[in-house]
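This briefing introduces a protein structure to a first-year student. Please keep the sequence and the three-dimensional view at hand while reading.

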Amino acid sequence: MPTRHPHRQRHLQLIPGCELCEVAGWETAPLAEAMAGCTVLINLAGILNEGGGRTFEQTHVRTVETATRAALQAGVTRYLHMSALHANAESGPSDYLRTKGRGEALAFAAAGEGLAVTSFRPSVIFGPGDSFFNHFAGLLRLLPGLFPLACPDARFAPVYVGDVVEAMLRCLDDPDTHGKTYELCGPRAFSLRELVVYTGERIGREIWVMGLDDRLSRLQASIFQRLPGKPFTLDNYLSLQVDSVCAREGLKKLGISATDLDFVVPGYLK
């Protein structure tokens, strides 16, 4: 795994077979050198909010452009790309989804130069250490009782990280998946309100979710994006204007039975 800061990623060295490779910069030449001898490139790069010198354009678009160019120089022939549900370069409602769409388009453009590309579009991904259920659990522990929630009716079909990995593994050596995009969702869809209540129940917190209307949701986003860590931004609000549920069941098409929340989430939230 290439990284500019190996000391920040030392926990990954505990994973069997994972090797950290320090690169001088995120340019084509050092990345191509890091990929020497590799046959597959997997790009999971993504951010939900801009900050700390990172932008959507840099992370979702330029990284794809640089990485695919480096892969071609290094002789890599297979590329697995992590996109997002409803990513669309032209009509995505948020900068996040528009840049995800442009990045995905660049990935498939590289297919014309010799890369076999498969893209994955997941709903929110859950699993130990996730930034969704753990995020809300942390908030609920700090704010028990009344919980003002923006966009409470936005819908998600949370997908287990293990199923996402399995989807990638099944596509890796299957030429029938080249040039295709797979939407990845769990077996059930929930409103954001239902998922917050579910989280509270699993950590033993009684809460009352006060769903905010559109005007107050936008106002909350405009305030929260100025707080440290940007817990909720206007761009997040815009992303929530389209439901994160699948139109096509990619896991089923790959022969994978989607894992339900109840088999995983209670174990790590406790």
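Helices, of at least four residues, and strands, of at least two, are DSSP runs numbered from the N terminus. With this numbering, Lys 230 can be placed in the loop between helix 7 (214–224) and helix 8 (234–239). The model is a predicted one. The points below treat a sheet, the helices that lie across it, one helix with a buried face, and two residues with positive phi.

**The parallel sheet**

- Strands of a sheet pair through backbone hydrogen bonds, either parallel or antiparallel.
- In this model, 4 strands form an open sheet with parallel pairing, and their order is 3-4-5-10.
- Strand 3 (40–43) and strand 10 (181–184) are the edge strands, each of which pairs on one side only.
- On average, neighbouring strands of this sheet are turned by 15 degrees against each other, direction ignored.
- The parallel pairing of strand 3 with strand 4 (residues 78–82) extends over 4 bridges.
- Asn 43 has His 81, in strand 4, as its bridge partner.

**Helices across the sheet**

- Helix 2 (residues 56–74) lies across strand 3 and strand 4, and runs at about 175 degrees to strand 3.
- Helix 3 (residues 95–111) lies across strand 4, strand 5 (116–122) and strand 10.
- The angle of helix 3 to strand 5 is about 160 degrees.

**The buried face of helix 4**

- Helix 4 spans residues 133–142, and its residues Phe 133, Phe 136, Ala 137 and Leu 140 are buried.
- Viewed down the axis of helix 4, the buried residues fall within an arc of 105 degrees, and therefore they line one face of the helix.
- These buried residues pack against three strands and two helices, namely strand 6 (125–126), strand 7 (145–149), strand 12 (207–211), helix 6 (192–202) and helix 10 (265–269).

**Two residues with positive phi**

- Cys 151 belongs to the loop between strand 7 and strand 8 (155–156).
- The phi of Cys 151 is near 50 degrees, which is a positive value in a residue other than glycine.
- Cys 151 counts as buried because its relative accessibility is 10%, and buried means under 20%.
- Lys 230, in the loop between helix 7 and helix 8, likewise is not a glycine and has a positive phi, of about 45 degrees.
- Lys 230 has a relative accessible area of 31% and is therefore partly exposed, since that class lies between the limits of 20% and 50%.

Terms used:
Residues numbered from 1 in each chain as written. Predicted model: local features only at pLDDT ≥ 70, side-chain atom pairs only at ≥ 80, totals over all residues. Heavy atoms only, no water. Pairing = 2+ DSSP bridges. Axes fitted to C-alpha atoms, helices over the stretch in contact; angles between N-to-C directions. Contact = heavy atoms within 4.5 Å. Buried < 20%, exposed > 50% of the residue type's maximum accessible area, 1.4 Å probe, protein only. Arc of directions from axis to C-beta.
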